[in-house]
Amino acid sequence: MTEQPKYTAGFRDRLFDKDPFPLAIWYPASVPESSVRHMGVASSAARNAAFATDGPFPIVMFSHGSEGHRFNQFWLAEYLARRGYIVAAPQHEGDNYLDASDARQITIIERRPREMRLALDLLLDHDDIAEQIDHDRIYALGHSAGGATVLKLAGWDFDARAWQSYCTVNGETDKVICQHAPTDDHIDRLHQTYGGPVVSEYDPRISAIVAVTPAFGVAATDDGLADVKVPMLFVEADTDEILHDHVNAAHFRNLLRGRAKFIKVKGAGHYSFLPKCTPYIAENFSYLCRDFGQDRDTIHRTVEQVVHRFFEKVQSGEIQGR
């Protein structure tokens, strides 16, 4: 029997416009949905609808991948909204499809978690939205660089020295991660600013995270992950053509040693977690449309169920941190 969600998906965009950043939210509503388009991809939502009346609701703070945008996982946001979750997605400054000037650089590693914390602060102070948020059920989810972002919110001390050391040896074979590897000057600045290679941007309000094909595993160490105590779910691609598995998802798995849930999605590539491709994207950015043995709709349905089940088990207490 097909599951019947309890709510429709409400949708509001540009809550804060460009000051400090564009932010979209999806949330439980009760009025019918109508057609919407996100970056040219058709979907349905109840634009600017009132919240359903039986809140407050858990909130999932979402961080998009490098050079992406706030709509990158709208399909997952709509799914969660129809099942009783608010999903909030800021568009990261200097690392989005319109402005990638700082993409994959150390400044983004510092800035992204702060933007997520600021977005949550603003929502918790918003006249209309604050009362709809369950303060005891605040989660974070991110894809690729966004996966690294939410891990930092959970307490990961990102080690820029480990990133630098890895790229000294592997710079020619891992250009995605090593193109903007920190220099000695970067490391010195971090020590002067923080007293270490990069301090955590830990946010104690975040009580569980989901990292989808997280990047920058080369900066993960035993010590850096020692203080991460919230429940964690890692969603891996069966064939990640962008990030080397042994220094990203597999590296996190080895370091965490049973402290997190890991799910590998068969037939998925790194970009399989983006929306279905439009003809324009397929013609101009064909690399974003590659899947590896499974159609994208099927991949999305798998991720929706896995993520929803994880959050439900966190709320029930079946999955706990340490």
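## Salt bridges and a nonpolar patch

Tyrosine 97 is partly exposed, with a relative accessibility of 39%. The model is a predicted one. Tyrosine 97 sits in the loop between strand S6 (86-90) and H2. Together with Met39 and Leu98, Tyr97 makes a nonpolar surface patch of about 310 Å².

Charged pairs come next. Side chains of opposite charge can pair when their charged atoms come close. In this model the count is 24 salt bridges. Three of them are set out below.

| Salt bridge | N to O distance | Accessibility of the basic residue | Accessibility of the acidic residue |
|---|---|---|---|
| Arginine 12 – aspartate 128 | 2.5 Å | 15%, buried | 33%, partly exposed |
| Arginine 257 – aspartate 222 | 3.1 Å | 60%, exposed | 42%, partly exposed |
| Lysine 313 – glutamate 318 | 3.9 Å | 29%, partly exposed | 57%, exposed |

Take arginine 12 and aspartate 128. Their side chains meet in a salt bridge at 2.5 Å, N to O. Which parts of the chain does this pair tie together? Arginine 12 belongs to strand S1 (residues 8-12). Aspartate 128 lies in the loop between helix H2 (106-124) and strand S7 (133-143). The pair therefore joins parts that are 116 residues apart in sequence. Is arginine 12 buried or exposed? Its relative accessibility is 15%, and buried means under 20%, so arginine 12 counts as buried. Aspartate 128, at 33%, is partly exposed.

Now arginine 257 and aspartate 222. The closest N and O atoms of this salt bridge are 3.1 Å apart. This pair links distant parts of the chain, 35 residues apart. Arginine 257 is in the loop between helix H8 (249-256) and strand S10 (261-265). Aspartate 222 is in helix H7 (residues 222-225). Arginine 257 has a relative accessible area of 60%; exposed means over 50%, so arginine 257 is exposed. Aspartate 222 is partly exposed, at 42%.

Lysine 313 and glutamate 318 also form a salt bridge. Here the closest N and O atoms are 3.9 Å apart, and the cut-off is within 4 Å, so the pair counts. Lysine 313 is partly exposed at 29%, whereas glutamate 318 is exposed at 57%.

Which residues are linked in a network of salt bridges? One such network holds Arg114, Arg117, Asp121, Glu201, Asp203 and Arg205.

Definitions and conventions: Residues numbered from 1 in each chain as written. Predicted model: local features only at pLDDT ≥ 70, side-chain atom pairs only at ≥ 80, totals over all residues. Heavy atoms only, no water. Helix = DSSP H or I, 4+ residues; strand = E, 2+ residues; numbered from the N terminus. Buried < 20%, exposed > 50% of the residue type's maximum accessible area, 1.4 Å probe, protein only. Patch = residues over 30% accessible without salt bridge, like charges linked within 9 Å, V, L, I, M, F, W, Y side chains within 5 Å. Areas by Shrake-Rupley, 256 points an atom, 1.4 Å probe, with all protein chains shown as cover.
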